[in-house]
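Colleague: I am new to this one. Could you show me the structure and then explain how you arrive at the words you use for it?
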Amino acid sequence: MIGRLTGTLVEKFPPLVCLDVQGVGYEIDVPMSTFYSLPDVGAKTTLLTHLAIREDAHVLYGFATANERSAFRELIKISGVGARIALAVLSGMTVTELSQAITLQEAGRLTRVPGIGKKTAERLLLELRGKLGADLGSTPTSVPDSQADILNALIALGYSDREAVAALKTLPAGVGVSDGIKLALKALAR
């Protein structure tokens, strides 16, 4: 119904923003990734939206990119995952990081998001396989086990998902786990 809104940003109170569109103020829930990309209050902005109609409310959800909105829509299709959990997932990780977690079948990365337990994370991994960008056309077996182990080790050492994935990209193909961890740590130390 309402797919996009362009107007003046009137209020910003995470996770809620108010967008004035020709005199009508729309309250829109946004993930933190979108919230941080918004301009200052008083500036003109555009948000892609998803309208959820429930028995007790009509709720607008806003997104900075089409990928975020698509990921949100895929997330809310999953049994046991509502709009609040979907927003939490998109607030805790980018769509790219979510796609990588699904590709690598990494439930641990998802359980770090508030509201996501082990069973919900496993359900997300199962039901989102093949439905998000980076995951399309690949299977978990196409990712070498050593790369997943290296990634897990770097995350366990306290590096962020983004830093760990960036370090993984610097590694030569076919590197072993112990050598890969050493090389990744050297790359991260630079």
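Modeller: Gladly! Let me begin with exposure: buried means under 20% relative accessible area, exposed over 50%, and partly exposed in between, using a 1.4 Å probe and protein chains only. This is a predicted model, where local features need pLDDT of at least 70, side-chain atom pairs count only at pLDDT 80 or more, and totals for chains, interfaces and linings use all residues. Residues are numbered from 1 along each chain as its sequence is written, and side-chain values use heavy atoms, leaving out hydrogens and water.

Colleague: Why is Arg54 called partly exposed?

Modeller: Arg54 has a relative accessible area of 43%. That value falls between the limits of 20% and 50%, so the label is partly exposed.

Colleague: What makes Arg54 and Asp56 a salt bridge?

Modeller: The term asks for a side-chain nitrogen of Lys or Arg within 4 Å of a carboxyl oxygen of Asp or Glu. In this pair the closest N and O atoms are 3.3 Å apart, so the pair meets the definition. Asp56 itself is exposed, at 63%.

Colleague: How many salt bridges does a search of the whole structure find?

Modeller: Three. Another one links Arg84 with Asp29, with the closest N and O atoms 3.0 Å apart. Arg84 lies in helix H3 and Asp29 in strand S3, so this pair ties together parts that are 55 residues apart in sequence. Helices (H or I, at least four residues) and strands (E, at least two) are DSSP runs, numbered from the N terminus.

Colleague: Are these two partners, Arg84 and Asp29, buried or exposed?

Modeller: One of each! Arg84 is exposed because its relative accessible area is 51%, over the 50% limit. Asp29 is at 8%, under 20%, and therefore buried.

Colleague: Why does Glu74 count as buried?

Modeller: Glu74, in helix H2, has 17% relative accessibility, which is under 20%, so buried is the right word. Glu74 touches Leu128, Lys131 and Leu132, not counting residues up to four places away in sequence; contact means heavy atoms within 4.5 Å. The side chain of Glu74 also meets that of Lys77 in a salt bridge, at 3.4 Å from N to O. Lys77 is exposed, at 60%.

Colleague: And how do you know that strands S3 and S5 pair?

Modeller: Two strands pair if DSSP finds at least two bridges between them. Two bridges join S3 (residues 24–29) to S5 (residues 58–63), so the condition is met, and these strands run parallel. Ile28, for one, has Leu60 in S5 as its bridge partner. Both strands belong to a closed barrel of five strands, running S1-S2-S3-S5-S4 with mixed pairing.
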